[in-house]
Amino acid sequence: YSLRISVKGMQGEFLVNLAKESCLKVHGVTNVYVDIQNEVISIVGECQEREVVERLENFGFITKVLGRKAPADD
């Protein structure tokens, strides 16, 4: 599964890494991709959306869930 979240406030390498590492600590997350230019985090794995959002917001980031999708069947 993939979860896309808009994350406002990721200025600088420290904050980008903080956001990424906090997402990776959520149970079920297997990988995290950060699009700094568009301020979007893409999360791979089966996880609780609310837990990811709460972790990011606890660090002061402003979040908005953009969507969730299942992997394409090959």
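**View 1. Glu39 and Lys8 meet through their side chains.** In this predicted model, the side chain of Glu39 makes a polar contact with the side chain of Lys8, at 3.4 Å. The pair also counts as a salt bridge, with 3.4 Å from N to O. Where do the two partners sit in the chain? Glu39 lies in the loop between β2 and β3, whereas Lys8 belongs to strand β1, so the salt bridge ties together parts that are 31 residues apart in sequence. Take a moment to look at how much of each residue is open to the outside. Glu39 is buried, with a relative accessible area of 18%, while Lys8 is partly exposed, with a relative accessible area of 38%.

**View 2. Glu39 has company in its loop.** Stay with Glu39, which is found in the loop between β2 and β3. Which residues does Glu39 contact, leaving aside its neighbours within four places in sequence? The answer is a run of names to find in the structure: Ile5, Ser6, Val7, Lys8, Gly9, Met10 and Gln11. Ile5, Ser6, Val7 and Lys8 from this list fall within β1, which spans 2–8. There is something to notice in the backbone too: Glu39 has a positive phi of about 55°, although it is not a glycine.

**View 3. Four strands line up in an open sheet.** Follow the strands across the sheet and you will meet them in the order β2-β3-β1-β4, with antiparallel pairing. Which strands stand at the edges? They are β2 and β4 (62–69); each has a single partner strand, so one side of each is left without a neighbour in the sheet. On average, neighbouring strands are turned by 20° against each other, direction ignored. Now zoom in on β1 and β3, which pair in the antiparallel sense over 5 bridges. One residue pair to look for here is Ile5 with its bridge partner in β3, Ile41.

**View 4. Helices α1 and α2 meet the strands.** Begin with α1, which lies across β2 and β3. The direction of α1 runs at about 160° to β2. Then turn to α2, which packs on the sheet. Which strands does α2 touch? Its partners are β1, β3 and β4, and the direction of α2 makes about 155° with that of β4.

**View 5. Nonpolar residues gather in a core.** How many residues make up the largest nonpolar core? There are 17, and those with the most contacts inside this core are Ile5, Ile41, Ile43, Val52 and Leu56. Helices and strands both contribute: β1 (2–8), α1 (13–24), β2 (29–35), β3 (40–45) and α2 (49–58) each supply at least two residues of the core. Val52 is a good place to pause. Leaving aside its neighbours within four places in sequence, Val52 is in contact with Ile5, Cys23, Val26, Ile43 and Cys47.

**View 6. Helix α2 holds two salt-bridged pairs, Glu54 with Arg50 and Glu51 with Arg55.** A search of the whole structure finds 4 salt bridges, and this view shows two that lie along α2. In the pair of Glu54 and Arg50, the closest N and O atoms are 4.0 Å apart. These residues are 4 residues apart in helix α2, which means that about one helical turn separates them. Is Arg50 buried or exposed? Arg50 is exposed, with a relative accessible area of 65%, whereas Glu54 is partly exposed at 42%. The other pair joins the side chains of Glu51 and Arg55, with 3.8 Å from N to O. Glu51 and Arg55 are also 4 residues apart in helix α2, so about one helical turn lies between them. Glu51 is partly exposed, with a relative accessible area of 29%, and Arg55 is partly exposed, with a relative accessible area of 29%.

**View 7. Leu15 looks out from helix α1 to residues elsewhere in the sequence.** Find Leu15 in helix α1. At 24% relative accessibility, Leu15 counts as partly exposed. Which residues does Leu15 touch, not counting those up to four places away in sequence? They are Gly9, Met10 and Phe61. For a last comparison of sequence and space, look at Leu15 and Phe59: they are 44 residues apart in sequence and 9.1 Å apart in space, C-alpha to C-alpha.

Notes
Residues numbered from 1 in each chain as written. Predicted model: local features only at pLDDT ≥ 70, side-chain atom pairs only at ≥ 80, totals over all residues. Heavy atoms only, no water. Core = buried A, V, L, I, M, F, W, Y, C linked by side-chain atoms within 4.5 Å. Buried < 20%, exposed > 50% of the residue type's maximum accessible area, 1.4 Å probe, protein only. Contact = heavy atoms within 4.5 Å. Pairing = 2+ DSSP bridges. Axes fitted to C-alpha atoms, helices over the stretch in contact; angles between N-to-C directions. Polar contact = N/O pair within 3.5 Å; in protein donor to acceptor, adjacent residues only side chain to side chain.
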